[in-house]
Amino acid sequence: MTIQWFPGHMAKARREVTEKLKLVDIIFELLDARIPYSSRNPMIDEIIQHKPRLVLLNKADMADKEATKEWIAFFAEQGIKALAVNAQAGEGMKEIVQASKEILKEKFDRLKAKGVKPRAIRAMIVGIPNAGKSTLINRLAKKNIAKTGNTPGVTRSQQWIKVGKEMELLDTPGILWPKFEDQEVGMKLAITGAIKDTLLNLQDLSIHSLRFLEREYEGRLKERYKFTDIPDDVVELFDHIGKLRGCLTGGANVDYDKVAELVIREIRGEKFGPLTFEKPADFLVQELE
Ligand code: G4P
């Protein structure tokens, strides 16, 4: 979460993932279900090449269920299997093993036909900071992290964690950088907590987020802050929330910084219910005839 990405860091991160790719049968690409596009590393296809992958839409508990279904269908259209998971609560863990077995069935059947002794599936997790990689590793490992020690032919420092009998997971995930050249993406990374607040203008972020709620979840916004109509004017918008919720300065004026912090805290704290900040349809480019 505190990582500042510079070209040197990006090259190193990429090298590390590329190195580990050789050790595994399958990649778990961990995305934030609330922002499956914005939480994707922009070079992921190039980095993992043809390695089989399973997309995991994590934090599904915080995302809009209908939108998550749309994203799963979107990935399916591209031939990529995606699953909704909640690493924090451990939901979807069995499905990860099951889906991996299905994705790798052909490869393992081929090996078996050649007389190779069946072995556990080897997997690694990749994702941007804060996607939930450590949480997922701990969940998959359960309480008693049973490290299998060094595997012949494998770099000594790599440790494998047993996930039941059928899977082994690299104990360190691949950490990749998010997209950050696009301001809209930056806002989504920020509102979901993937970027440190100290790097942000909280008023900008809260205005952006309130306008998003107005567009996509108007009823919930009106209900929470008791709006009859949502003002176009930003000062009116902030004044209304500030007065309602007592975000005031000593002189009883509305404290705009406090309003901004309140709004962001409440969105992150799921006070507006589960939210998805982008849908597949937002990225469909109309093809020219
Ligand atoms: P990382 O290794 O990819 O950087 O992410 P990490 O596991 O540290 O998770 C980042 C934050 O996301 C953590 O919260 C973690 O609890 C939370 N998280 C991970 N998976 C899920 C999930 O499926 N659902 C929900 N709701 N949250 C999830 P934190 O606030 O940084 O720490 P804490 O809440 O554990 O104290």
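This is a short walk through one strand and its partners, two helix pairs and a single glutamate.

A word on the source: the model is predicted.

Let's start with strand S4. It covers residues 121-127. Is S4 mostly covered or mostly open? Mostly covered: six of its seven residues are buried.

Now its partners. Strand S1, residues 26-32, pairs with S4 in the parallel sense. Five bridges link S1 and S4. To find that pairing on screen, look for isoleucine 27, which stands opposite methionine 124 in S4.

Next, strand S6. It spans residues 167-170 and runs parallel to S4. How many bridges join S4 to S6? Three. Here, isoleucine 121 faces you as the marker: its opposite number in S6 is methionine 167.

Then strand S7, residues 174-175. S7 is joined to S4 by two bridges, and again the two strands run parallel. The pair to look for is glycine 127 and isoleucine 175, with isoleucine 175 in S7.

On to the helices. Take H7, residues 202-216, and H8, residues 218-225. Their axes are 5 Å apart, and they pack at an angle of about 120 degrees. What do we call that arrangement? An angle over 115 but not over 145 degrees counts as oblique, so H7 and H8 are oblique to each other. Which residues make the contact? From H7, they are Leu210, Leu213, Glu214 and Glu216. From H8, they are Glu218, Leu221 and Tyr225. By class, the contact of H7 with H8 has four nonpolar residues, three charged and no polar ones.

Hold on to leucine 213 for a moment. Glutamate 66 is 147 residues away from leucine 213 in sequence. In space, the two are 16 Å apart, C-alpha to C-alpha. Where is glutamate 66? In helix H3, residues 65-77. Its relative accessible area is 48%. Buried is under 20% and exposed is over 50%, so glutamate 66 is partly exposed.

Last pair: H9, residues 234-245, and H10, residues 256-268. Their axes come within 9 Å and cross at roughly 80 degrees. That value lies in the 65 to 115 range, so H9 is roughly perpendicular to H10. On the H9 side, the contact residues are Val235, Phe238, Asp239, Ile241, Gly242 and Arg245. On the H10 side, they are Tyr256, Val259, Ala260, Leu262, Val263 and Glu266. How do the residues of this contact of H9 with H10 divide? Eight are nonpolar, one is polar and three are charged.

Conventions: Residues numbered from 1 in each chain as written. Predicted model: local features only at pLDDT ≥ 70, side-chain atom pairs only at ≥ 80, totals over all residues. Heavy atoms only, no water. Buried < 20%, exposed > 50% of the residue type's maximum accessible area, 1.4 Å probe, protein only. Helix = DSSP H or I, 4+ residues; strand = E, 2+ residues; numbered from the N terminus. Pairing = 2+ DSSP bridges. Axes fitted to C-alpha atoms, helices over the stretch in contact; angles between N-to-C directions. Parallel < 35°, antiparallel > 145°, perpendicular 65-115°, else oblique. Contact = heavy atoms within 4.5 Å. Nonpolar A, V, L, I, M, F, W, Y, C, P; charged D, E, K, R; others polar.
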